[in-house]
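Hi,

Here is the structure I said I would pass on. Have a look at it first, and then read my notes underneath.

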Amino acid sequence: WQMQPVPDVHVAATEAFDLNKAANAAAWADDVFVAEVTSGPKYHSISSDLPVTVWNAKVLDVSKGRVTKTIHIAQSGGLDSAKKERIIVEGVTPLEEGHTYLFVTRASSRGWHMVPTGRQPVEIIGSPSTALADFKKEASREKVSPDLEQFPSEVVASQNDDTIYQGAQA
């Protein structure tokens, strides 16, 4: 058995609205929380979509949503075993084990909390509750884009979101 290098394929990320605005990100998200990345990465190929890189994380503080103590967090991009290539999504910086981040995610029926390509996690040095309070304060000063209502999450559209949240536990 021999390791073969895989080619890198760069893709551009496009969003229908600006998730770098805290107000839009908070309105879009199912969950806003601070967590420490505890292990990973694991790569998942998804037919007819970008692969994802999944990390395990320990939740330290929650501002919005129903995240549990340990969860799976996914980012777009990673190794695509079917195509034998590594997909690098513009603007997506891989998480690092042992680092703490403020996450804005949507829970997915695939079993993870998905980080949007348009807003990357912010590394936190210091108090998780202070980071969440600062995010809330920033979001309260901005106006939410009306276009967000056109893109409901699986949790919003679900009759029973318990199944989605249970699947995203680590």
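Below is what turned up, going from the strands to the cores and then to the empty spaces.

One thing before you start: this is a predicted model, so please read everything here in that light.

**How the strands go together**

A good place to begin is strand 3. Strand 2 pairs with strand 3 in the antiparallel sense, over 10 bridges. If you want a spot to find that pairing by eye, look for Val34, which stands opposite Asp61 in strand 3.

Strand 3 also pairs with strand 4, again in the antiparallel sense, through 7 bridges. Val52 has Ser76 of strand 4 as its bridge partner, and Val54 stands opposite Ala74 in strand 4. These two strands form a hairpin with 5 residues between them, and Gly65 in the turn has a positive phi of about 105°.

Which way do strand 4 and strand 8 run relative to each other, parallel or antiparallel? They run parallel, joined by 2 bridges. Ala74 turns up again here, as it stands opposite Met114 in strand 8. Strand 4 is largely enclosed by the rest of the structure, because 5 of its 7 residues are buried.

**The nonpolar cores**

The largest nonpolar core has 17 residues, and Trp28, Val32, Leu102, Val104 and Phe135 have the most contacts inside it. Helix 1 (22-28), strand 2, strand 7 and helix 2 (128-140) each supply at least two residues of this core.

There is also a second, separate core of 13 residues, with Val59, Ile71, Leu95 and Tyr101 among them.

Leu102 is worth clicking on. Apart from its neighbours within four places in sequence, Leu102 is in contact with Val32, Phe33, Val34, Pro121, Val122, Ile124, Ala131, Leu132 and Phe135.

**Two buried residues to look at**

Val59 sits in strand 3. Is Val59 buried or exposed? Its relative accessibility is 14%, and buried means under 20%, so Val59 counts as buried. Not counting residues up to four places away in sequence, Val59 touches Phe33, Val34, Ala35, Val67, Thr68, Lys69 and Ile71. You can also check the spacing between Val59 and Phe103: they are 44 residues apart along the chain, and their C-alpha atoms are separated by 10.0 Å.

Thr100 is in strand 7. With a relative accessible area of 16%, Thr100 is buried too. Leaving out residues up to four places away in sequence, Thr100 touches Val34, Ala35, Glu36, Leu60, Val122, Glu123 and Ile124.

**Pockets and a cavity**

Now for the empty spaces. Rolling a probe the size of a water molecule over the atoms shows where such space is left.

The largest pocket has a volume of about 580 Å³. It is lined by 26 residues, and the closest to its centre are Trp28, Arg106, Met114, Val115 and Pro116. Strand 7 (100-108) and strand 8 (112-114) are the elements that give two or more residues to this lining, with strand 7 giving the most, 3 residues. By class, the lining has 15 nonpolar, 6 polar and 5 charged residues.

The second largest pocket holds about 240 Å³ of space. Of the 16 residues that line it, Thr53, Gly77, Gly78, Ile87 and Pro94 are the closest to its centre. Strand 2 (31-44), strand 3 (52-64), strand 4 (70-76), strand 5 (78-80) and strand 6 (85-89) each supply at least two residues of the lining. Which of the strands gives the most to this second lining? That is strand 6, with 4 residues. The lining of the second largest pocket divides into 9 nonpolar, 6 polar and 1 charged.

Finally, the structure holds 1 cavity of 30 Å³ or more, with about 40 Å³ of space in it. Its lining is made by Leu102, Phe103, Val104, Val115, Arg119, Gln120 and Pro121, that is, 5 nonpolar residues, 1 polar and 1 charged. Leu102 and Val104 are the ones you met above among the residues with the most contacts inside the largest core.

That should be enough to find your way around. Shout if anything is unclear.

Cheers

Terms used:
Residues numbered from 1 in each chain as written. Predicted model: local features only at pLDDT ≥ 70, side-chain atom pairs only at ≥ 80, totals over all residues. Heavy atoms only, no water. 1 Å grid on protein atoms, 1.4 Å probe; cavity = no way out; pocket = protein on both sides within 12 Å on 5 of 7 lines; lining within 4 Å. Points joined across faces, edges and corners; volume = space filled by probe spheres on them. Nonpolar A, V, L, I, M, F, W, Y, C, P; charged D, E, K, R; others polar. Core = buried A, V, L, I, M, F, W, Y, C linked by side-chain atoms within 4.5 Å. Buried < 20%, exposed > 50% of the residue type's maximum accessible area, 1.4 Å probe, protein only. Contact = heavy atoms within 4.5 Å. Pairing = 2+ DSSP bridges.
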